[in-house]
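Visitor: I'd like a close look at just one part of this thing, please. Take me through it strand by strand, and then show me what else there is around it.

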Amino acid sequence: MRFDDDDLPQLLAVALPDALDNVDFGIVGMRTADETVVVYNVAETRMTGLGRERVMGRRFFDDVAPCTNNVMVAERFRLEPDLDAVIDYVFTLRMRPSPVRLRLMRLRDAELMWLAVAWRP
Amino acid sequence: MTGAGAGDRDDGAGDEGEVLELLYGLPIGLCLFRADGTVDFANPLVAQVAMPIVGPVGMSRIWPFLDAVAPGTSSRILEAPGDVVRVVQAERVVVEPSVSRRRDGRDLVFSLSVQRQSGGRWLLTMADVTAEHEREVTHRKAVASLEAIVNAIVEYALFTVTPTGMVDSWNRSGERLLGRTAEAAIGRSIAEVLDPSLFSDGIAAVLDRAVRQGWVEIEGEVFRTDGRGFWSDVILSPILTDVAATGFTVVVRDLTERKTSERALQRAAFTDALTGLWNRRHLFAHVQRLLADAEPGAPVGTIAALDLDRFKSVNDTHGHDAGDAVLVEVGRRLTGSVRRTDVVCRFGGEEFVVFLQGADLAAGRRIAETIRRTVAGAAVTLPDGQPLPVTASIGVAVLRADGTEALTGALQRADAALYEAKDAGRNRVTVADPP
């Protein structure tokens with residue numbers, strides 16, 4: 001499973017959680033209905049420094065990663081039911097401005113939506 | 001602990017994770033940058049606001065963001081003397097939606113501070129105060145529209161006093177009604193500004209009552225600074241917060257103004273403009289009331305219908321001003337020859353009707369005779385100083401309480417008697433037979 005795989009959204013939809021811990025980019029899965037985090041892979045915990053127990057079940061945009069709670073990320077998830085977009089972004093990982101690429105994925109009528117995070121060279 | 005990588009120093013499960021969670025979730029934006037603008041540290045709130053404004057490329061230094069939201073701030077930081085620590089202190093920054101890219105069309109407002117840190121670095125903090133700002137804008141609008149209303153009202157004064165009754169706000173309504181400027185009102189007690197007689201139980205007692213009852217109304221004479229007094233109605237209401245009364249609103253209303261204008265309107269509707277006598281409408285209204293209360297068939301009074309003799313020739317010979325002067329003088333003589341309870345009306349032209357309340361036909365004839373003599377007594381002095389003898393013919397008819405046509409019937413009979421008097425040679429009284 002790679003960040004740039006065309007069928008990444010479909011792969012994520014059927015992947016077992018353990019399999020996601022073996023990929024080298026961050027993956028966050030959240031419920032479409034209320035944006036609460038249900039998948040947070042190991043790569044993501046390493047990037048952010050937040051253990052799973054601090055994020056699971058919390059609303060991702062509002063409470064876990066407020067840096068994404070704006071027109072560029074959160075609002076695209078909320079307004080676009082068919083979403084698969086890659087954008088350059090800057091996270092403040094461990095308080096340091098960190099260039100990343102984000103892949104925003106939402107399949108129409110799917111229970112979960114996905115955010116993939118990769119370091120940007 | 002859960003998940004692969006537990007125990008790894010990067011998984012954030014320990015103290016570091018605790019600190020990071022705190023910083024990530026902080027509702028205030030923090031950004032540490034160097035003198036050249038390079039951003040060393042920033043928390044998510046800074047990225048949340050700045051990313052849509054400057055994009056990923058603009059995030060490595062602070063300047064693009066500052067130049068977009070608070071122009072001029074960059075140079076203030078760069079040019080700040082070395083001993084100044086707090087270069088920007090809680091300054092309100094308003095970012096329009098076209099810049100912030102907020103979709104709801106609202107301004108983004110935050111409070112910005114920048115202070116010097118050690119090592120030539122700067123700390124920027126920003127707190128979102130949009131909600132507070134919107135409340136303030138709403139509040140300012142409410143205050144401004146209230147001020148406009150208060151300044152525009154006439155015949156009322158509206159001001160506020162402190163919990164102990166000292167005037168603490170004043171406006172044009174108070175200047176107009178009470179003739180007092182804000183300087184001459186603010187800081188003085190309400191008793192001094194209105195009149196001590198209104199607060200004979202003491203200001204504290206009146207204010208206490210207002211708190212207990214929700215309001216207090218006092219009526220009495222209020223004095224303007226020019227010494228002119230007027231009768232007024234004063235309403236005090238507490239300005240309540242959830243704690244206690246933080247003061248009182250005071251509304252002063254000029255009652256004399258209202259009463260005189262009511263009287264003036266009523267007068268205009270029921271009197272004759274030239275002579276000031278009652279008019280036909282008043283006579284009918286007055287007599288209908290008496291008839292309604294009278295026993296059927298009982299005598300209510302006597303009608304005397306009076307017409308000036310050869311009045312047309314007065315107008316023709318001496319002009320209308322002279323004619324008007326005669327009518328006014330005759331009106332004065334009529335009023336002077338009857339009792340206060342009688343009603344003297346000008347019916348139109350040179351025709352007058354006097355209603356002699358409670359008088360029977362014999363008494364009516366006597367009074368009518370007095371009227372005739374008074375009218376024909378001294379000559380009327382015209383505006384040009386010329387004396388003009390005037391006489392009148394009078395028809396008298398009794399008015400009984402016998403149905404709705406009573407007044408009309410009595411007026412017709414008095415009128416017929418009046419023309420008999422004219423035919424008989426004028427300047428005389430003729431009595432109509434009872435119906």
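How many bridges join strand 6 of chain B to strand 7 of chain B, and in which sense do the two strands run?

Guide: Bear in mind first that this is a predicted model. Strand 6 and strand 7 of chain B run antiparallel, with 2 bridges joining them. One pairing you can find by eye is B:Thr160, whose bridge partner in strand 7 of chain B is B:Ser169. The two strands make a hairpin with 5 residues between them, and B:Gly165 there takes a positive phi near 90°.

Stay in that loop for a moment. B:Thr162 lies in it, between strand 6 and strand 7 of chain B. Once you leave aside neighbours within four places in sequence, B:Thr162 is in contact with B:Asp168, B:Gly247 and B:Phe248. Of these, B:Gly247 and B:Phe248 fall within the residue range of strand 10 of chain B, 245–254, while B:Asp168 falls within that of strand 7 of chain B, 167–169. Further along the chain there's B:Ile190, 28 residues away from B:Thr162, with 9.6 Å between the two C-alpha atoms.

Now zoom out to the sheet. The hairpin belongs to an open sheet of 5 strands in chain B, ordered 7-6-10-9-8 with antiparallel pairing. Strand 7 and strand 8 of chain B are the edge strands, and each pairs on one side only. Ignoring direction, neighbouring strands here are turned by 40° against each other on average.

Walk across that order from strand 6. Strand 6 of chain B, residues 156–161, is joined to strand 10 of chain B by 6 bridges, again antiparallel. Look for B:Phe159, which stands opposite B:Val250 in strand 10 of chain B. B:Val250 also has B:Leu236 standing opposite, so to speak from the strand 9 direction, as B:Leu236 falls within residues 229–240. Strand 9 and strand 10 of chain B pair in the antiparallel sense over 8 bridges.

The last step takes you to the far edge. Strand 8 of chain B is joined to strand 9 of chain B by 8 bridges, and these two run antiparallel. B:Ser232 is a handy landmark here: B:Ser232 is the bridge partner of B:Gly220, and B:Ser232 also stands opposite B:Asp254 in strand 10 of chain B. Strand 8 and strand 9 of chain B form a hairpin too, with 5 residues between them, and B:Gly227 in the turn has a positive phi of about 90°.

Chain B has another open sheet of 5 strands, this time with mixed pairing and the order 12-13-11-16-17. Strand 12 (343–348) and strand 17 (429–431) of chain B each have a single partner strand, so one side of each is left without a neighbour in the sheet. Neighbouring strands in this sheet are turned by 25° against each other on average, direction ignored. At one end of the order, strand 16 of chain B (residues 392–400) and strand 17 of chain B pair in the parallel sense over 3 bridges, and B:Gly395 has B:Thr430 as its bridge partner in strand 17 of chain B.

Helices pack here as well. Helix 15 of chain B (residues 361–376) touches strand 11, strand 13, strand 16 and strand 17 of chain B, and its direction makes about 160° with that of strand 16 of chain B. Helix 16 of chain B (residues 406–423) lies across strand 11, strand 12, strand 13, strand 16 and strand 17 of chain B, at about 150° to strand 16 of chain B.

Finally, turn to chain A. In this contact, 31 residues of chain B meet 31 residues of chain A. The two chains bury about 2900 Å² between them, with 57% of it on carbon and sulfur atoms. B:Tyr24, B:Gln48 and B:Arg103 supply 21% of the area that chain B buries against chain A, more than any other three residues. The rule finds 4 salt bridges across this interface, and B:Glu16 with A:Arg94 is a salt bridge at 2.9 Å, N to O. There are also 9 residue pairs in polar contact. Helix 1, strand 2 and helix 2 of chain B each supply at least two residues of the side that touches chain A, and helix 1 of chain B gives the most, with 7 residues. By class, that side of chain B has 14 nonpolar, 8 polar and 9 charged residues.

Note on methods: Residues numbered from 1 in each chain as written. Chains lettered and ligands numbered in written order. Predicted model: local features only at pLDDT ≥ 70, side-chain atom pairs only at ≥ 80, totals over all residues. Heavy atoms only, no water. Pairing = 2+ DSSP bridges. Helix = DSSP H or I, 4+ residues; strand = E, 2+ residues; numbered from the N terminus. Axes fitted to C-alpha atoms, helices over the stretch in contact; angles between N-to-C directions. Contact = heavy atoms within 4.5 Å. Buried area = accessible area lost by both parts, 1.4 Å probe. Salt bridge = Lys/Arg side-chain N within 4 Å of Asp/Glu carboxyl O. Polar contact = N/O pair within 3.5 Å; in protein donor to acceptor, adjacent residues only side chain to side chain. Nonpolar A, V, L, I, M, F, W, Y, C, P; charged D, E, K, R; others polar.
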